[in-house]
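Here is a walk through one structure, for a reader who has not seen it before. Please keep the sequence and the 3D view at hand while reading.

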Number of protein chains: 2
Amino acid sequence: MAPAFLRTPSHATRTKIMTELAVCLTPSLIPLFEVENYIVVVIDIFRATSSICYGIENGAEAIIPVAEVEECLAFQEKHPDYLLAAERNGEVVSGFNFSNSPFSYTKEKVAGRTIVLTTTNGTNALHLSRKAKKIIIGSFLNLTSICNWLKKQNENTLLVCAGWKNNFNLEDTLFAGAIADRLKGSGFILDDAAIAAYDLFQVGKSDIPAYLAKTSHSGRLKKLGIEKDIAFCLQVDITTAIPILADDKLVKLV
Amino acid sequence: MAPAFLRTPSHATRTKIMTELAVCLTPSLIPLFEVENYIVVVIDIFRATSSICYGIENGAEAIIPVAEVEECLAFQEKHPDYLLAAERNGEVVSGFNFSNSPFSYTKEKVAGRTIVLTTTNGTNALHLSRKAKKIIIGSFLNLTSICNWLKKQNENTLLVCAGWKNNFNLEDTLFAGAIADRLKGSGFILDDAAIAAYDLFQVGKSDIPAYLAKTSHSGRLKKLGIEKDIAFCLQVDITTAIPILADDKLVKLV
């Protein structure tokens, strides 16, 4: 008799009867997926998607993700009341209201406001995913909320890790693994990258900050003096709002 | 005092004093690396690089990797004595001598012969890496041999996973993790993808066949009826030869 691993039914066979949970490890790989067949969750833990979740939770009317700093400026000309957030290589762009720090997205600062946001990696992932069925924003902050919603949708789901300059990073993949951990028992079948993310989450989940201490990005962020941001972004379930893309704006899913 | 993970020195700082071990998770990501600064190890466990290691061990004079079936045929016209191996989507191309099965690369069949090989994923990874300082071929079959050699070189090293149709696969990454496991204590500093591969190898190493039973590819290969090939490719250290690219041919490193 063939060993157990050879008796596993093929991926093709399994996906006919189950919902797929796939992980796209970097934006470079998005073209390999037919995103129009998926609900996409965009993940940029340090710090874009964490800040977006916090801002929408705190009553921001909308957050508009744009790819270039110049686009941010164009919005300001038309809408002087918009707040502008721009970051390149992890640093605030001179002359803008604020960067990607979640501490910029408090109730006092963002309630009722529209924010135009450009980031190095997160908005790139959003733009490349724009043909998806739906695009929502995930972070440790709203983990349970998005997982409960994804279970209800029961649609093929693609977790898009923003990564770092189009390459793999550990923190976004670890968070993809946290989602896989919640969805695995709910009828979702995992692709190879989702299996890897799931297994990495099992390795790291008992102490996520310590696990991510190994990453290159924690060193980069430390140089930028944003240690508090890192700790903030690793808090689990302090928000429930789900940001969803609607007409090129991220708004609260209702 | 900052928590431990914030006291880690930055990646940039560390690479100045240590040798880098990076993992390129799919050929799609090769353009993100300056491959000319690295020794590259190409990895396509099921089955191209396993078969190449076995063929070179068994005395093949050279194995010529080509990207297209048509190129294979062009070689045959000039060199009727060459053996032709061609595979597309895991199946032998009609009219060719053999495919990627390691059982085609026995002493009896390949000693003293030159083989022209085209595969779906492995040769793609080789071609995209061709500007590297050196390119060697890795598999579980020659794991210890290549790791000992890499330690002696003490050069920045990039492990290129051939993946599946330009996307991530678990078996190639697991093997990258096996290399990382051997090199980690020898002055190499791991990038995020190498850390992930290392951790996945820790999860899977006690029973690699069982671990890889979870992958999509084991299902695909089972459909092709090549269960024996899978078991063969997961044997550790049955060969010592290191295939190296020299003038567009893979030959035995001497």
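A residue is called buried here if 20 or more other C-beta atoms lie within 10 Å of its own, and exposed if 12 or fewer do. The model is a predicted one. With that cut-off, strand 7 of chain B, residues 134-138, is mostly covered, since four of its five residues are buried.

Strand 7 of chain B has a partner. Strand 2 of chain B pairs with strand 7 of chain B in the parallel sense, over five bridges. In this pairing, Val40(B) stands opposite Ile135(B) of strand 7.

Strand 2 of chain B covers residues 39-43, and Val41(B) is part of this strand. Is Val41(B) buried or exposed? Within 10 Å of Val41(B) there are 30 other C-beta atoms, so Val41(B) is buried. Leaving out residues up to four places away in sequence, Val41(B) touches Ile136(B), Gly138(B), Ile146(B), Thr157(B), Leu159(B), Val160(B) and Ile179(B). Val41(B) can also be placed relative to Cys161(B): the two are 120 residues apart along the chain, while their C-alpha atoms are separated by 8.4 Å.

After strand 2 comes a loop. In chain B, Arg47(B) sits in the loop between strand 2 and helix 2. The peptide bond that leads from Phe46(B) to Arg47(B) is cis, and its omega is near 10 degrees. Chain A has a cis bond from Phe46(A) to Arg47(A), with omega near 10 degrees. Arg47(A) is found in the loop between strand 2 (39-43) and helix 2 (48-57) of chain A. Why are such bonds worth pointing out? Most peptide bonds are trans.

On the other side of the loop in chain B is helix 2, residues 48-57, which contains Ser51(B). Ser51(B) has 33 other C-beta atoms within 10 Å and is therefore buried. Which residues does Ser51(B) contact, apart from its neighbours within four places in sequence? They are Asn100(B), Ser101(B), Pro102(B), Ser104(B) and Tyr105(B). From Ser51(B) to Ile136(B) the C-alpha distance is 14 Å, with the two positions 85 residues apart in sequence.

The next stop is a loop of chain B. Asp247(B) lies in the loop between strand 10 (243-246) and strand 11 (249-252). Asp248(B) lies in the loop between strand 10 and strand 11 as well. Phi of Asp247(B) is positive, about 55 degrees, although Asp247(B) is not a glycine. Asp248(B), also a residue other than glycine, has a positive phi near 65 degrees. Most residues other than glycine have a negative phi. Asp247(B) has 7 C-beta neighbours inside 10 Å, so Asp247(B) counts as exposed. Asp248(B) has 12 other C-beta atoms within 10 Å and is therefore exposed.

Finally, the two chains meet through a pair of helices. Helix 8 of chain A and helix 8 of chain B, each residues 192-204, pack with their axes 10 Å apart and at an angle of about 80 degrees. Because of that angle, helix 8 of chain A is roughly perpendicular to helix 8 of chain B. On the chain A side, Ala196(A), Asp199(A), Leu200(A) and Val203(A) take part, and they meet Ala196(B), Asp199(B), Leu200(B) and Val203(B) of chain B. The residues of this contact divide into six nonpolar, no polar and two charged.

Terms used:
Residues are numbered from 1 along each chain as its sequence is written. Chains are lettered from A and ligands numbered from 1 in the order in which they are written. This is a predicted model: local features need pLDDT of at least 70, side-chain atom pairs count only at pLDDT 80 or more; totals for chains, interfaces and linings use all residues. Two residues are in contact if their C-beta atoms, placed from the backbone, lie within 7 Å. Axes are lines fitted to C-alpha atoms, for helices over the stretch in contact, and angles run from 0 to 180 degrees between N-to-C directions. Angles under 35 degrees count as roughly parallel, over 145 as roughly antiparallel, 65 to 115 as roughly perpendicular and the rest as oblique. Ala, Val, Leu, Ile, Met, Phe, Trp, Tyr, Cys and Pro count as nonpolar, Asp, Glu, Lys and Arg as charged, and the others, Gly among them, as polar. Two strands pair if DSSP finds at least two bridges between them.
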